[in-house]
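Here's a quick briefing to read with the structure open beside you. Take a look around the fold first, then work through the points below.

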Amino acid sequence: MTTTPATARTASTTTPTPRRPVLVLHGGGGPATVAGLVQHLTRPDTQVLAPVHPGWDGTPLPDWCTGIDDLALTYLHLLEDENLTDVLVIGSSLGGWIAAEMAVRDTAHRISGLVLINAVGVYVDSEPITDFFALDPRAAAEHSWHDPDRYHIDPTTLPAAELARRQGNMTTMRTLAGDPNMHDPKLLHRLGRVRQPALLVWGESDRIVTPAYGAAYAKAFGDGRLEVVPEAGHLPHIERPEATYDLIDTHLRRTAPLPLP
């Protein structure tokens, strides 16, 4: 069958629908803590990047990487190297801190939206950040989860490789974020210049960084909005995935670039 000129022209001018870049940054527990979120976001209209931070899950920590600002610059360089724009950056806990530090340094305007999920990184005088490094496993569960009995794991029951992975992640987190404890004293005052829409998703029962931290973030951003998820703690995307995903999907649509005319 011979292709007509009209059909040929139609085929040659058809362009694929652009995919929205989404960068997902895990917290101190490692990439496994955002695996469900990454799976949810992976769809035909998105390009999901979910890197493992240097020093987590057995990856090397370079000598030059000594703080959260180094991770922020690393991921800004990644966006530049991949020539990505209109990026939605989603960060959980420590990943939310990295996302905020990225936004204040995003002079190339590659980021078009932010989602911070129970992010550390700032400090609220009235409710100091819990010293997570000082907690035993049961206390860590009590501070992290709305339903600690469901999610607490006795470390003595873990295989040696999994226990080593968790201990290594904790060591890296302490190195990069332990002094001062899980925050940058300057960050809160820098966020006012960030104009990208920022969604703060917070588990109501978080006792590591309480919802007061979500409110502080939302107030500091130029365009910030806080959504509190009931019956969830520090990782609402695990305890209440449907409610959390709905909030993120709405923000994904809200911050999407306008279609070309």
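Before we get to the pocket, a word on sorting residues: Ala, Val, Leu, Ile, Met, Phe, Trp, Tyr, Cys and Pro count as nonpolar, Asp, Glu, Lys and Arg as charged, and the others, Gly among them, as polar. Keep in mind that you're looking at a predicted model.

**The overall build**

- The protein has six strands and 11 helices.
- Lay a box along the principal axes, and the C-alpha atoms fill roughly 75 × 45 × 40 Å.
- A compact globule of 261 residues would have a radius of gyration near 18 Å, and the protein's 20 Å agrees with that.
- Out of the 261 residues, 48% count as buried.
- If you take the contacts with a separation of 6 or more, 78% of them are between residues 24 or more positions apart.
- The accessible surface adds up to about 13100 Å², and carbon and sulfur atoms own 55% of that.

**The largest pocket**

- Here's the idea behind pocket hunting: rolling a probe the size of a water molecule over the atoms shows where empty space is left.
- The largest pocket holds about 1100 Å³ of space. It's lined by 34 residues, and G29, F132, A140, R166 and M170 are the closest to its centre.
- Which helix gives the largest share of the lining? That's α7, with eight residues.
- Both α5 (137–144) and α7 (160–177) supply at least two lining residues each.
- Now use the sorting from above: the lining splits into 20 nonpolar, 10 polar and four charged residues.

**Some unusual backbone spots**

- As a rule of thumb, most peptide bonds are trans, and most residues other than glycine have a negative phi.
- The bond joining D179 and P180 is a cis peptide bond, with omega at about -5 degrees. You'll find P180 in the loop between α7 and α8 (187–190).
- D86 isn't a glycine, yet it has a positive phi of about 55 degrees. Look for D86 in the loop between α3 (68–81) and β3 (87–92).
- Is D86 buried or exposed? D86 is partly exposed, because its relative accessible area is 31%, and that label covers values from 20% to 50%.
- E231 also has a positive phi of about 55 degrees without being a glycine. E231 sits in the loop between β6 (224–229) and α10 (236–239).
- With a relative accessible area of 48%, E231 is partly exposed too.

Technical notes:
Residues numbered from 1 in each chain as written. Predicted model: local features only at pLDDT ≥ 70, side-chain atom pairs only at ≥ 80, totals over all residues. Heavy atoms only, no water. 1 Å grid on protein atoms, 1.4 Å probe; cavity = no way out; pocket = protein on both sides within 12 Å on 5 of 7 lines; lining within 4 Å. Points joined across faces, edges and corners; volume = space filled by probe spheres on them. Helix = DSSP H or I, 4+ residues; strand = E, 2+ residues; numbered from the N terminus. Rg over C-alpha atoms; globule rule 2.2 N^0.38 Å. Buried < 20%, exposed > 50% of the residue type's maximum accessible area, 1.4 Å probe, protein only. Contact = heavy atoms within 4.5 Å. Areas by Shrake-Rupley, 256 points an atom, 1.4 Å probe, with all protein chains shown as cover.
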